[in-house]
Every structure is written in C-alpha cells, then in structure tokens.
Amino acid sequence: MATTLTINGEQKSIEAPPDMPLLWVLRDILGMTGTKFGCGLAQCGACTVHVDGKPVRSCVLPVGALQNRAVTTIEGIGATQAGAKVQKAWLDLEVVQCGYCQSGQIMSAAALLAATPNPDDSDIDAAMAGNICRCGTYVRIRAAIKQAASGVKS
C-alpha cells in the first residue's frame, strides 16, 4: 500500500502494509538506520522517535497510524533547538559507551527539553524511564541533560 509520510520535514512515499511498524519502514525501506531495534516490545527505548514532537516507540507504532503526522528521527533531531543542545552535550560529556541505545536516549532527552526547558531530577527520571542502557551511562546521561538545559559545560 502506498503511503506518504513526513519524516524530518521531508515527504517520503513508501510502499508498506499499514500494520508494518514504523521502525522497519525507517530501517528497511528508507535506509535510515539511526533508529535501533532493541526489544520489539516498546520497553527498552532504543527505537524512540518523535511523532508530532512527542517521544514514541517506533517498534510498535504501525505506519498506517501516521497519516498527517510529523515524524522526527535521530537523523533529523539536530535541526531542532533542543535536539542540537542535547547532541552537543552528549559529545561534550562523552556520554556514549557502546552507543547502541543512545539514539533513543537522545530522542527522549530532546523531547523532555522541548517540553520542559529547565527540568529537575524528577522530570528527568520521568522522561528517561524506560530508556535502558546496558552500559550504565545513566550518570553521564543525566549530566548531559542538565548541561543541555543550562547551556553551561559541566
């Protein structure tokens, strides 16, 4: 079935069944491999993208549910003010260890800062809950979110 999606501000025409998860449309049809497959159950956060500015798990989101909605992926988040700040903080503080979960972490952090520019620890905990990092970079993730919010290097 032909579907037109708006991804990172661009119209993309794809052929996919309406029940195909967005994750597989991004990775397998469009070749956008920044969004990762983790658990396939919407529990780990590796597949997080934004739909209309809100973080969602793309592994369980059917592409048929995305008509007239804007999708932003890790490839496009740097074009947003919050996304650019988060990406810079991630690099400044060397957050990444293995890196597999980090696109999802960045997407959740950018959504947090777009909605709550000066989050406290409880805001960060709530926004990042469900984003799993097997390497345990949680302390650096929190520091990077705080740096991105303040604009001051730690």
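This dialogue goes through a sheet and some helix contacts in a predicted model.

User: How are the strands of the open sheet ordered, and how many are there?

Analyst: The sheet has 5 strands in the order 2-1-5-3-4, and the pairing is mixed. At the edges are strand 2 (10-15) and strand 4, each of which pairs on one side only. Direction ignored, neighbouring strands of this sheet are turned by 40 degrees against each other on average.

User: Which strands are joined to strand 3 by bridges, and how do they run?

Analyst: Strand 3 is joined to strand 4 (residues 54-57) by 4 bridges, and the two run antiparallel. On the other pairing, 2 bridges link strand 3 with strand 5 (residues 70-72), again antiparallel.

User: Which residues stand opposite V49 and V51 in strand 4?

Analyst: V49 faces V56 of strand 4, and V51 stands opposite K54 of that strand. Towards strand 5, the bridge partner of H50 is T72.

User: What lies between strand 3 and strand 4?

Analyst: The two strands form a hairpin with 2 residues between them. One residue in the turn is D52, which has a positive phi of about 50 degrees.

User: Which way do the residues of strand 3 point, and are they buried or exposed?

Analyst: In strand 3 (residues 48-51), T48 and H50 point one way, while V49 and V51 point the other way. All four, T48, V49, H50 and V51, are buried.

User: Which helix lies across these strands?

Analyst: Helix 3 (residues 102-115) lies across strand 3, strand 4 and strand 5. Helix 3 runs at about 35 degrees to strand 3.

User: How are two packed helices described?

Analyst: The description uses the angle between the two axes and the distance between those axes. Helix 2 (residues 81-92) and helix 5 (residues 138-150) serve as a case: they pack at an angle of about 130 degrees, with axes 8 Å apart.

User: What does that angle make helix 2 and helix 5 to each other?

Analyst: The two helices are therefore oblique to each other, since an angle has to be over 145 degrees to count as roughly antiparallel and 65 to 115 to count as roughly perpendicular. Their crossing is right-handed. On the helix 2 side the contact is made by K85, V86, A89, W90 and D92, and on the helix 5 side by I141, A144, I145, Q147 and A148. By class, this contact has 7 nonpolar, 1 polar and 2 charged residues.

User: How do helix 3 and helix 5 cross?

Analyst: Their axes come within 11 Å and cross at roughly 40 degrees. The crossing is right-handed. Helix 3 contributes Q102, Q105, A109, L112 and L113 to the contact, and helix 5 contributes I141, I145, A148 and A149. These residues divide into 7 nonpolar, 2 polar and no charged.

User: What is A149 in contact with, leaving aside its neighbours within four places in sequence?

Analyst: A149, which lies in helix 5, is in contact with L113, P117, N118 and P119. A separation in sequence can be set beside a distance in space. For A149 and P119, the separation is 30 residues in sequence and 7.4 Å in space, taken from C-alpha to C-alpha.

Key:
Residues are numbered from 1 along each chain as its sequence is written. This is a predicted model: local features need pLDDT of at least 70, side-chain atom pairs count only at pLDDT 80 or more; totals for chains, interfaces and linings use all residues. Side-chain values use heavy atoms; hydrogens and water are left out. Axes are lines fitted to C-alpha atoms, for helices over the stretch in contact, and angles run from 0 to 180 degrees between N-to-C directions. Angles under 35 degrees count as roughly parallel, over 145 as roughly antiparallel, 65 to 115 as roughly perpendicular and the rest as oblique. A crossing is left-handed if the near helix is turned anticlockwise from the far one by less than a right angle, and right-handed if clockwise. Contact means heavy atoms within 4.5 Å. Ala, Val, Leu, Ile, Met, Phe, Trp, Tyr, Cys and Pro count as nonpolar, Asp, Glu, Lys and Arg as charged, and the others, Gly among them, as polar. Buried means under 20% relative accessible area, exposed over 50%, partly exposed in between (1.4 Å probe, protein chains only). Two strands pair if DSSP finds at least two bridges between them.
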